[in-house]
Each structure stands twice: as structure tokens, then as C-alpha cells.
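New to this one? Here is a quick briefing to read with the sequence and the model side by side.

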Amino acid sequence: MDSRAVYPGTFDPFTAGHRDVVDRVRRLFGQVIVLVAVNPDKPPGETVDNRAVAVRRVLPEDWSNVAVEAWAGLTADYCRIHRAGVLVRGVRNQADLRHEYPLAVLNEELGVTTLLVPARPELATVSSTAVRRSRDARSPRPAP
């Protein structure tokens with residue numbers, strides 16, 4: 001297995017669904033890079049470097065073919081520079097598929113194949129936004 005795949009996302013935060021995708025694809029590829037990205041349309045709660053550290057913390061150490069990197073450029077550029085021929089994207093539902101399909105076509109034109117990994121049914125409702133909102137609702141608010 002000398003193939004390399006990149007799993008990009010903002011991962012704000014990294015969820016059980018993300019972890020499951022990494023676990024499944026690490027068995028298919030020689031190396032998987034979890035690419036913690038900057039997306040100007042999704043202002044994160046943490047810096048890209050802090051999010052990368054948080055992802056590293058939750059991945060088992062014995063997943064030796066999984067690396068985590070922070071990246072602020074185009075994902076296709078990262079793939080070209082690092083000779084990764086496959087992008088991995090998790091899809092939870094039809095809305096995700098409608099969003100991911102045109103991006104997959106574009107990436108294919110740029111020379112990178114996209115592997116869409118369907119969420120396991122028990123994880124299909126998990127989203128970073130919902131996890132973040134739940135976490136924020138439980139956080140104590142400072143007094144005015």
C-alpha cells in the first residue's frame with residue numbers, strides 16, 4: 001500500500017464521524033493525511049494549528065499511517081505538492097452529496113480523485129456545528 005489520501009476539513013471540532021472516516025480509510029491507503037484546513041466561509045472557534053493539535057490528540061498513536069497537518073491553501077495544491085491522488089470526503093446525507101459532487105468533479109479536473117465515504121447510520125446525524133453548539137450551550141457564560 002503506497003497510496004496516499006488526504007482527508008480535508010475544518011474539523012471545528014473533530015467529531016466521532018470524522019474519526020470513523022479516518023479509521024475506515026486508513027485501512028485502504030498506505031498513508032492518510034488529515035488536513036486541517038482554513039475555510040473563510042466557516043470562521044472557526046480555534047486557530048488552524050490548535051485544531052490540528054486537537055485532532056492529533058484524539059487519534060490513536062498506533063494508527064501509524066495517519067498524519068495530521070494544518071494547511072491554509074487550496075486542497076488540490078496540497079495534493080499535487082505531496083503527491084496524494086485521492087481526496088476523502090464523508091457524506092452524511094443527500095444534502096452533503098449534493099454539495100460534494102460538484103467539488104469532486106472539479107477536483108477530478110485538477111487531477112485528484114474524490115472518494116466519498118458514507119457515514120455509518122449511527123453517526124449520520126453528527127455534525128461539527130451541532131457538537132459546537134451543544135458544547136457552547138454547556139459552557140458557563142461570563143457575568144455581564
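Among the contacts in the protein with a separation of 6 or more, what share comes from residues 24 or more positions apart? That share is 77%. Keep in mind that this is a predicted model. The points below go from the overall layout to a few spots worth finding on screen.

**The big picture**

- The protein has 5 helices and 5 strands, and reading along the sequence you get the pattern β-α-β-α-β-α-β-α-β-α.
- There are 144 residues in the protein, and 38% of them are buried.
- The accessible surface adds up to about 8900 Å², with carbon and sulfur atoms contributing 53% of that area.

**The loop between β1 and α1**

- Start with the loop that runs between β1 (4-9) and α1 (16-25), where you'll find P13.
- P13 is joined to D12 by a cis peptide bond, with omega at about 5°.
- F11 sits in that loop between β1 and α1 too, and its phi is positive, about 50°, even though F11 is not a glycine.
- Is F11 buried or exposed? F11 counts as buried because its relative accessibility is 4%, under the 20% cut-off.

**Another positive phi**

- R83 is also a residue other than glycine with a positive phi, this one near 55°.
- Look for R83 in the loop between α3 (75-81) and β4 (86-91).
- R83 has a relative accessible area of 74%, which is over 50%, so R83 counts as exposed.

**Aromatic rings**

- How many aromatic pairs does a search of the whole structure find? The search turns up 3.
- One of them is F11 with F14, an edge-to-face pair with 5.3 Å from centre to centre and 65° between the planes.
- F11 and F14 are both buried.
- W71 and Y78 make another edge-to-face pair, at 5.1 Å centre to centre and with 75° between the planes.
- Y78 has 0% relative accessibility, so Y78 counts as buried.
- Y7 joins F11 and F14 in one aromatic cluster, so to speak a little group of rings that takes in the loop residue F11.

**Helix α4: a surface patch and a buried acid**

- Which residues make a nonpolar surface patch of about 280 Å²? They are L97, Y101 and V105.
- L97 belongs to helix α4, which covers residues 94-109.
- With a relative accessible area of 39%, L97 falls between the 20% and 50% cut-offs, so L97 is partly exposed.
- D96 lies in helix α4 as well, but D96 is buried, with a relative accessible area of 16%.
- The side chain of D96 makes a polar contact with the side chain of R92, at 2.8 Å.
- Leaving aside residues up to four places away in sequence, D96 touches G90 and V91.

**Where to look again**

- For backbone oddities, go back to the cis peptide bond between D12 and P13, then to the positive phi values of F11 and R83.
- For a contrast in burial, put F11, which is buried at 4% relative accessibility, next to R83, which is exposed at 74%.
- For side chains in helix α4, pair buried D96 with partly exposed L97.

Terms used
Residues numbered from 1 in each chain as written. Predicted model: local features only at pLDDT ≥ 70, side-chain atom pairs only at ≥ 80, totals over all residues. Heavy atoms only, no water. Helix = DSSP H or I, 4+ residues; strand = E, 2+ residues; numbered from the N terminus. Buried < 20%, exposed > 50% of the residue type's maximum accessible area, 1.4 Å probe, protein only. Contact = heavy atoms within 4.5 Å. Areas by Shrake-Rupley, 256 points an atom, 1.4 Å probe, with all protein chains shown as cover. Patch = residues over 30% accessible without salt bridge, like charges linked within 9 Å, V, L, I, M, F, W, Y side chains within 5 Å. Salt bridge = Lys/Arg side-chain N within 4 Å of Asp/Glu carboxyl O. Phe/Tyr/Trp six-rings, centres within 6.5 Å; stacked < 30°, edge-to-face > 60°. Polar contact = N/O pair within 3.5 Å; in protein donor to acceptor, adjacent residues only side chain to side chain.
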